[in-house]
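Me: I want to go through this model claim by claim. For each label, tell me what backs it.
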4 protein chains.
Amino acid sequence: MNIPSGMSPRASKRRDIERAALALFGTRGFHGTSMPDLAEEAGVGPGTIYRHFESKEALVNEMYQHWKAKMASEVYANLPVDVPWRERFRALWRGLFQFDADHHGAIDFLDLQFHSDYLDASSRALEQQSATLLFTMITMAQAEQIVVDLPPPAVVALVYSSFVGLVRAQREGYLTLDDALIDAAEERVWAMIRR
Amino acid sequence: MNIPSGMSPRASKRRDIERAALALFGTRGFHGTSMPDLAEEAGVGPGTIYRHFESKEALVNEMYQHWKAKMASEVYANLPVDVPWRERFRALWRGLFQFDADHHGAIDFLDLQFHSDYLDASSRALEQQSATLLFTMITMAQAEQIVVDLPPPAVVALVYSSFVGLVRAQREGYLTLDDALIDAAEERVWAMIRR
Amino acid sequence: MNIPSGMSPRASKRRDIERAALALFGTRGFHGTSMPDLAEEAGVGPGTIYRHFESKEALVNEMYQHWKAKMASEVYANLPVDVPWRERFRALWRGLFQFDADHHGAIDFLDLQFHSDYLDASSRALEQQSATLLFTMITMAQAEQIVVDLPPPAVVALVYSSFVGLVRAQREGYLTLDDALIDAAEERVWAMIRR
Amino acid sequence: MNIPSGMSPRASKRRDIERAALALFGTRGFHGTSMPDLAEEAGVGPGTIYRHFESKEALVNEMYQHWKAKMASEVYANLPVDVPWRERFRALWRGLFQFDADHHGAIDFLDLQFHSDYLDASSRALEQQSATLLFTMITMAQAEQIVVDLPPPAVVALVYSSFVGLVRAQREGYLTLDDALIDAAEERVWAMIRR
DNA sequence: CATGAATGAGTTTTCATTCAT
DNA sequence: TATGAATGAAAACTCATTCAT
């Protein structure tokens, strides 16, 4: 068997399951993905999934929280401070696309499970937390007269959904998101929200 | 029973089913909605659905095509011609939100079923058609140097996902989309895509 | 299809399921009986059971309560009053065996599910009620110096388990419980508990 | 680890498994007890059970035969000979309760597995043997006009089920079986079966 | 035409058993 | 020898669909 170095076989199977779940939940959705399908995609028996996750719901929630947290730590937590807002925005925008490139399917997964009724309190709390962080950032930039004076949730919606829109368009084959396009889009999105 | 005037009881039941399907498919998704649930929401027996639609897939496809077509005819087909692009864009933007206001849940429904594997060739063709129409519009505006020189699918993605993002934000309770906000957003989105 | 007269086909299926459940739960036990087996024994599809009973646990609890109540009404409620205790006891004893003869398998069923952890509060309450009724009866007879002065639960255990023991012995093929044997046993059991 | 003196670690684990099996099979039943649960209760890994017993069925059968045999040797084989029947009965009765006190749960276990379809030929043979021994004893006493003239299986059923009934009543918390109660019950049960 | 009870294939989940460590 | 992760067959249960009424 081919086990990634430095990983126990058990942990490796868990990874396989998580990988399969990210791919299938992110394309077919939670209810559109059956556990046998998931097992086959992961290359394990159906019973094996239940040695790693309590239930299908527990699996999707653990995944959701994992990726929400990863996004927070890889994108939001690493934004430069003490630089002009313009530059912070560029770092945010590039961070988002970098995250998408580094973790294929994660954005699709998060977007598709967004606000589904099988998400538990923990997942919703993380969701809230991310949103609040972005609202706060916008509010600060507005206080400095840098960003347009729309309700912060509106600004966040405009920016974030633009990002997701481009990622989706690429997934559907309408686009290729290279650095040039990402930067060009960044300029335009900034134009949308700057004062 | 209360039957809308000018509508046969049969047609009225079909409406009830369509209404229920729009609401449930648009919130819980296709696989997350069961036919018995749909029937109950519509106030009909489960068997009745099958007198109007061949199958669950046929139902969602008919719905998808219905609303895609309705959107094309109510929003895209009524855009003013022989007016400046700026004004056409404003009409488009307002038309989108008007459509959302007139047909509660329709945007959520279309967005959630987007590019799902249970959509058939017909649905995909309509999807294509709508997209192509928008791409063409953008291409024309770019030829006149009005709109920024990004790939048309990117421009469409930016605009349309901004619209959907605002609608979603309202659904989640983060926003109220009144005319003032819609117009303010319009200005900013136009700022994003104008040359 | 052969439907008992005066019974809707729906009610008839429910009867079939109840009959099958009494037989299988009473011989193989709750956990030893699978829903597909139950369905086959009842001559219905597995899904049909769930249109009549919420779950396997709900089924066994409804059955338990049904038969406990039936036993109370057919055996305990019809005991003669204003007759000597000797006669009441004979009526009780004969009533128990009559119940067993009338409702084949019911005693085995009740005995096998007795105090199982899948019985719910309602079932346990009925159990309690039956027990209390018997304890009270014994206490009264003791007050009149008719019955031996053991703790009432002990007296009830001796009598009731003697009854069940005979029924079991018949089921295993060791005995045939005809009237003569039942009456002879009654005399001996009375000898056991009389003062 | 705490290993009983004079016992190999292997034998000690086997004891742990047997102890766990007695407790769980005797309360939840054979089908209601899972091998992982059994392993946890025994404090061993699930795989370990299979180094000692071929299968779950083999385990329950070995247990059944073990306890049936133990009961025969500890209770039936030690009955005094050349003493009046009255005294032999007292010894039997006390022996039964002594056995229950010495081997907590064994009576519940034997009673619950009684005549289950997973018991094999060996187990059934031992069952038969025990029964026959008791039938013979009763027949002899009847020949001496000591015991009432019911079919021997009926007499055995009355006595043995009275014993089990008292043990059950204690398990359910209705009674405490102290020596006084046991002796008082013995007197009454003897009154039931004596000529 | 509308209904809803019935169905059985398919779902999520459990568990007796195996086997690499 | 003991382990416990992995397995897949089978369990409880759901649901799209049918059809007798």
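Me: Which residues are closest to DNA strand E, and how many surround the strand?

Reply: The model is predicted. DNA strand E is surrounded by 35 residues. The closest are Lys56(A), Thr48(B), Thr48(C), Arg51(C) and Met35(D).

Me: What makes a residue count as near a strand?

Reply: One of its heavy atoms must lie within 4 Å of the strand.

Me: What part of DNA strand E lies within 4 Å of the protein: sugar or phosphate, or bases?

Reply: Of the strand E atoms within 4 Å of the protein, 65% belong to sugar or phosphate. The rest belong to bases.

Me: Why is the pairing of Gly47(B) with a base nitrogen of DNA strand E called a polar contact?

Reply: The cut-off is 3.5 Å between N or O atoms. A polar backbone atom of Gly47(B) is 3.1 Å from a base nitrogen of DNA strand E. That value is within the cut-off, so the pair is a polar contact.

Me: Which atoms of His52(C) and Lys56(D) approach a phosphate oxygen of DNA strand E?

Reply: For His52(C), an N or O atom of the side chain is 3.0 Å from a phosphate oxygen of the strand. For Lys56(D), a backbone N or O atom lies 3.0 Å from a phosphate oxygen of the strand.

Me: What classes make up the surface near DNA strand E?

Reply: Eleven residues are nonpolar, 16 are polar and eight are charged. Several helices each supply at least two of the residues, among them α2 and α3 of chain A and α1 and α3 of chain C.

Me: Now DNA strand F. Which residues come nearest?

Reply: Thr48(A), Arg51(A), Met35(B), Lys56(C) and Thr48(D) come nearest, out of 35 residues around DNA strand F. By class, the surface has eleven nonpolar, 16 polar and eight charged residues. Sugar or phosphate accounts for 68% of the strand F atoms within 4 Å of the protein.

Me: What makes the approaches of Arg51(A), His52(A) and Thr48(D) to DNA strand F polar contacts?

Reply: N or O atoms must pair within 3.5 Å. In each case the partner is a phosphate oxygen of DNA strand F. A polar side-chain atom of Arg51(A) lies 2.5 Å from one. For a polar side-chain atom of His52(A) the value is 2.9 Å. For a polar side-chain atom of Thr48(D) the value is 2.4 Å.

Me: How do you know that chain C and chain D have the relation of a two-fold axis?

Reply: A rotation of 180°, with 0.1 Å of shift along its axis, superposes chain D on chain C at an RMSD of 0.1 Å. That is the relation of a two-fold axis. Also, 100% of the interface residues of chain D are interface residues in chain C, so the copies meet through the same surface.

Me: Why is chain B said not to touch chain C or chain D?

Reply: Contact needs heavy atoms within 4.5 Å. No contact joins chain B and chain C, whose closest C-alpha atoms lie 13 Å apart. Chain B and chain D do not touch either, and their nearest C-alpha atoms are 33 Å apart.

Me: How does the span of helix α1 of chain C compare with the expected value?

Reply: Helix α1 covers residues 9-28 of chain C, 20 residues in all. The helix reaches 28 Å from its first C-alpha to its last, close to the 28 Å expected at 1.5 Å a residue. Just after α1(C), Gly29(C) takes a positive phi of about 85°.

Me: Which helices do the buried residues of α1(C) pack against?

Reply: They pack against α2, α3, α4 and α6 of chain C. The buried residues include Ile17(C), Leu24(C) and Phe25(C).

Me: Why is Gln113(B) called buried?

Reply: Buried means under 20% relative accessible area. Gln113(B) is at 0%, so Gln113(B) counts as buried. Gln113(B) is found in helix α6 of chain B. Its contacts beyond four places in sequence include Phe25(B), Tyr64(B) and Leu119(B).

Me: Why is Asp82(A) called exposed, and His115(D) partly exposed?

Reply: Exposed means over 50%, and partly exposed lies between that and the 20% limit for buried. Asp82(A) has a relative accessible area of 80%, so Asp82(A) is exposed. His115(D) is at 32%, so His115(D) counts as partly exposed.

Me: Where do Asp82(A) and His115(D) sit?

Reply: Asp82(A) lies in the loop between α4 and α5 of chain A, with a positive phi near 55°. His115(D) is in the loop between α6 and α7 of chain D, with a positive phi near 60°.

Terms used: Residues are numbered from 1 along each chain as its sequence is written. Chains are lettered from A and ligands numbered from 1 in the order in which they are written. This is a predicted model: local features need pLDDT of at least 70, side-chain atom pairs count only at pLDDT 80 or more; totals for chains, interfaces and linings use all residues. Side-chain values use heavy atoms; hydrogens and water are left out. Helices (H or I, at least four residues) and strands (E, at least two) are DSSP runs, numbered from the N terminus. The expected span of a helix is 1.5 Å times one less than its number of residues. Buried means under 20% relative accessible area, exposed over 50%, partly exposed in between (1.4 Å probe, protein chains only). A polar contact is a pair of N or O atoms within 3.5 Å; within protein, one must be able to donate a hydrogen and the other to accept it, and residues adjacent in sequence count only if both atoms are side-chain atoms. Ala, Val, Leu, Ile, Met, Phe, Trp, Tyr, Cys and Pro count as nonpolar, Asp, Glu, Lys and Arg as charged, and the others, Gly among them, as polar. Copies are superposed by least squares on the C-alpha atoms of residues with pLDDT of at least 70 in both.
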